[in-house]
Amino acid sequence: MRNYRFVAKGAACPVASVFSLIVFILLLASCSTQKKVSSAGLADDYVPKREFRGAWMQVVNGQYNGMTSAEQQQRLSEQLDALQQAGVNAVIFQVRPEADALYVSYYEPWSRFLTGEQGRNPDEGWDPLQFMITACHARGMELHAWINPYRAKLKGLKKTDMHYKHPWFKFPERFVEYDGMLIFNPALQLNRDYICTVVSDIVRRYDVDGLHIDDYFYPYPVAGVPFPDDADFAADPRGFADKADWRRDNVNLLIQQLSSTIHDIKPWVKFGVSPFGIYHNEKASSSVPGSATSGLQNYDDLY
């Protein structure tokens with residue numbers, strides 16, 4: 001809170017002094033206003049947050065490999081304590097890295113990053129997303145569920161190690177193989193509908209404060225290996241003459257539909273999108289706003 005000092009100019013104008021005192025009291029009341037919250041574990045009142053101080057907590061680095069559920073919970077609790085002490089008030093927790101789940105899902109298998117094997121159930125009652133929601137709310141922190149919408153298989157996973165519940169086994173024609181990964185084809189409305197179905201399931205059943213997407217763009221390009229969507233563009237160009245504009249519109253359509261899906265269910269849930277760092281290199285073209293950079297471009301390379 002900012003310190004305010006009121007200095008009397010003299011006794012000749014008591015009305016002004018009273019007015020100053022009233023303003024001071026109103027300022028104090030405004031700064032100390034408390035807000036009721038209903039999240040489990042929080043005190044009845046707390047000072048409203050003024051900043052979003054978020055931290056990402058990813059799972060794909062194998063930090064839970066070989067751990068029991070109890071050990072995983074202990075690790076998460078220790079990490080949350082450290083983040084709380086650092087002043088973090090929102091945690092972005094990865095719950096769907098490759099069309100899998102670190103929560104109870106009716107559509108996709110348990111993640112191998114939780115149990116070591118895709119589809120293997122964790123210990124009974126262990127639901128990482130629900131645990132994180134409860135633990136974050138108890139610390140006065142928000143919990144945002146982080147999904148990777150298009151990515152369905154990372155390079156390190158063989159198809160033979162994928163669980164039968166994985167959506168690739170249900171509709172393989174909706175996926176594209178590129179650079180050793182499986183990608184939900186961004187051109188297909190059926191995939192946008194499916195991703196929104198998964199998100200609506202999370203938002204309906206879990207008290208998340210936000211839903212965050214990362215890697216929502218086309219995959220990083222491999223030199224000399226075009227992304228295989230010529231047939232899709234020819235079949236449904238939607239009035240676009242340029243494939244790059246059509247690809248960007250595919251991404252726009254997903255983001256628009258996700259936002260509507262989330263807010264139609266729970267208007268208060270926040271929707272976050274993590275873009276790539278460089279939008280466009282200024283020197284590449286003056287017709288598109290850009291920066292004095294020379295790296296991979298979101299607009300041109302990831303669409």
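**Figure 1. Lys159 pairs with Glu177 in a salt bridge.** In this predicted model, the closest N and O atoms of the two residues are 2.6 Å apart. Lys159 sits in the loop between strand 6 (151-153) and helix 5 (167-170). Glu177 belongs to strand 7 (residues 175-178). The pair therefore ties together parts that are 18 residues apart in sequence. Lys159 is partly exposed, at 28% relative accessible area. Glu177 is exposed, at 53%.

**Figure 2. Arg248 and Asp245 form a salt bridge within helix 8.** Their side chains meet at 2.8 Å, N to O. Helix 8 covers residues 243-265. The two residues are 3 apart in this helix, so about one helical turn separates them. How buried or exposed is Arg248? Arg248 is buried, because its relative accessible area is 13% and buried means under 20%. Asp245 has a relative accessible area of 32% and is partly exposed.

**Figure 3. Arg120 and Glu117 are joined by a salt bridge.** The closest N and O atoms lie 3.1 Å apart. Arg120 is partly exposed, with 41% relative accessibility. Glu117 is also partly exposed, at 41%. Side chains of opposite charge can pair when their charged atoms come close.

**Figure 4. Salt bridges link four residues in a network.** Which residues take part in this network? They are Asp229, Asp230, Lys243 and Arg247. For the wider view, a search of the whole structure finds 15 salt bridges.

How values were computed. Residues are numbered from 1 along each chain as its sequence is written. This is a predicted model: local features need pLDDT of at least 70, side-chain atom pairs count only at pLDDT 80 or more; totals for chains, interfaces and linings use all residues. Side-chain values use heavy atoms; hydrogens and water are left out. Buried means under 20% relative accessible area, exposed over 50%, partly exposed in between (1.4 Å probe, protein chains only). Helices (H or I, at least four residues) and strands (E, at least two) are DSSP runs, numbered from the N terminus.
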